[in-house]
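Me: I am new to this structure and would like to go through it step by step. Could you look at it with me and explain how each answer is reached?

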Amino acid sequence: MPEKLFFCADVNSDFIPKKEIDNGKFIRNPERPSRLSGVLDYLKEHFNELPIMKFSQEHILKVHTEKYFNYLLEKSKEIQDEYLPEVFFVDLIFDTGTPINSYTFTAAKNAVDVVLSATKYALENKIVTYALTRPPGHHAMKNYGGGYCYFNNVAVATRYCEEKGMRVAILDIDFHHGNGTQDVFYDDPNVLYVSIHGDPKKFYPWYSGYEGEIGTDSAVGTNLNIPLPENVGIKVYLEALKMAMDKIKDFNPEAFFLSFGTDTHIKDPVGKFALTSEDYKTIGNVISDNLSFVNYIVIVHEGGYNSQANLAAVKHFLKGFLS
């Protein structure tokens with residue numbers, strides 16, 4: 001495991017969602033650039049930053065439908081302030097927590113470029129890269145956005161690796177199940193998706209993330225969901241993580257993506273696990289110890305809505321991951 005880390009970053013400071021509807025009430029939208037500002041400062045101080053490249057929209061269209069891509073592009077152009085999508089399939093956003101403003105499409109495209117840049121550097125140099133960006137991506141499906149996500153950053157980068165003939169594993173440790181990533185690869189035998197998350201019987205996205213969802217057709221067995229109850233601490237979490245890493249080792253991927261959500265921290269206002277800052281050092285160490293056979297590793301930031309908790313989680317995770 002390399003001892004150095006390189007990172008690409010763009011937190012899209014001009015993209016600031018104002019509100020969302022939660023339990024029938026307007027609330028302040030927590031998916032804001034300030035949530036990652038401390039992490040950005042930390043990475044800049046301790047690691048080498050790599051420039052972001054621009055990529056063709058064709059990479060996005062290998063994951064998302066043209067109808068959805070054009071919807072987001074045109075809607076962003078026509079909105080002056082902020083638009084909360086209509087549900088029941090009126091809009092191509094599946095919830096009321098993912099608003100669109102004039103900067104949405106640009107921010108979503110920039111986020112894809114950050115993750116593709118980190119991926120390209122990892123593939124060309126066999127280095128571990130960290131993609132720090134927002135909006136996040138793992139809830140975005142082929143033809144719908146949602147869950148603060150517009151384009152599925154990790155899915156686009158995974159497809160980029162697939163086109164180079166690689167088998168790819170994705171470990172998603174955001175508090176919420178990555179319904180979008182599962183949707184994209186559910187019938188793809190070349191991509192393993194493993195997710196550890198809050199039980200969807202109680203937590204977003206509610207309709208997906210259950211243990212019985214294992215893939216379909218030739219991809220049966222390439223989707224593993226490990227739902228956990230609220231207030232889970234490190235002991236139970238490590239049992240789930242061992243199960244996840246055993247599955248990944250059995251799959252034997254050439255490239256690995258970590259969808260790293262820090263909303264599993266005990267102080268996160270949205271997630272409901274009980275992991276402490278120190279626990280992330282253990283988690284990082286367990287993951288890295290089980291990836292010695294993987295040449296290409298990319299860490300992609302997803303959720304996390306307490307800026308101080310995000311910083312603490314990232315610092316401890318990287319300390320364990322790189323040790």
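Reply: What follows is a set of questions and answers on a predicted model, going from the whole chain to single residues.

Me: How many helices and strands does the secondary structure of the chain come to?

Reply: The C-alpha trace of this predicted model spans about 50 × 45 × 40 Å along its principal axes. Within the chain, the secondary structure comes to nine helices and ten strands.

Me: What radius of gyration does the chain have, set against that of a compact globule?

Reply: For a chain of 323 residues, a compact globule would have a radius of gyration near 20 Å, and the value for this chain agrees with that. Buried residues make up 61% of the chain, and 76% of the contacts with a separation of 6 or more are between residues 24 or more positions apart. The radius of gyration of the chain is 18 Å.

Me: How much of the area that the chain exposes do carbon and sulfur atoms supply?

Reply: The chain exposes about 12,800 Å². Of that area, the share supplied by carbon and sulfur atoms is 50%.

Me: Over what arc around the axis do the buried residues of helix H7 lie?

Reply: Helix H7 runs over residues 234-251, and its reach of 25 Å from first to last C-alpha is close to the 26 Å expected. Its buried residues are Tyr 237, Ala 240, Leu 241, Ala 244, Met 245, Ile 248 and Phe 251. Because the arc they cover is so limited, they lie on the same side of H7, and that arc is only 135°.

Me: Which residues are exposed on the other side of H7, and against which elements do its buried residues pack?

Reply: The buried residues of H7 pack against strands S6, S7, S8 and S9 and also against helix H8. On the other side of this helix, the exposed residues are Lys 235, Lys 242 and Asp 250.

Me: Which residue just after H7 takes a positive phi?

Reply: Helix H7 has 18 residues and ends at residue 251. Just after the helix, a positive phi of about 55° is taken by Asn 252.

Me: Is Thr 119 buried or exposed?

Reply: Thr 119 lies in helix H4, which covers residues 104-125. Leaving aside neighbours within four places in sequence, its contacts include Thr 129, Tyr 160, Phe 257 and Val 298. Since its relative accessibility is 0%, Thr 119 counts as buried.

Me: How many disulfides does a search of the whole structure find?

Reply: A disulfide would need two cysteine sulfur atoms within 2.5 Å of each other. The search finds none, that is, zero disulfides.

Me: Which cysteine has the sulfur closest to that of Cys 161?

Reply: Cys 161 is buried, with a relative accessible area of 1%. The closest cysteine sulfur is 14 Å from its own, which is too far for a bond, and belongs to Cys 8.

Me: How far apart are the C-alpha atoms of Val 63 and Asn 143?

Reply: Val 63 is found in the loop between helix H2 and helix H3, and at 7% relative accessibility this residue counts as buried. Leaving aside neighbours within four places in sequence, Val 63 is in contact with Lys 142, Ala 155, Val 156, Arg 159 and Val 184. Although Val 63 and Asn 143 are 80 residues apart along the chain, their C-alpha atoms are separated by 8.9 Å.

Methods: Residues numbered from 1 in each chain as written. Predicted model: local features only at pLDDT ≥ 70, side-chain atom pairs only at ≥ 80, totals over all residues. Heavy atoms only, no water. Helix = DSSP H or I, 4+ residues; strand = E, 2+ residues; numbered from the N terminus. Expected span 1.5 Å × (residues − 1). Buried < 20%, exposed > 50% of the residue type's maximum accessible area, 1.4 Å probe, protein only. Arc of directions from axis to C-beta. Contact = heavy atoms within 4.5 Å. Rg over C-alpha atoms; globule rule 2.2 N^0.38 Å. Areas by Shrake-Rupley, 256 points an atom, 1.4 Å probe, with all protein chains shown as cover.
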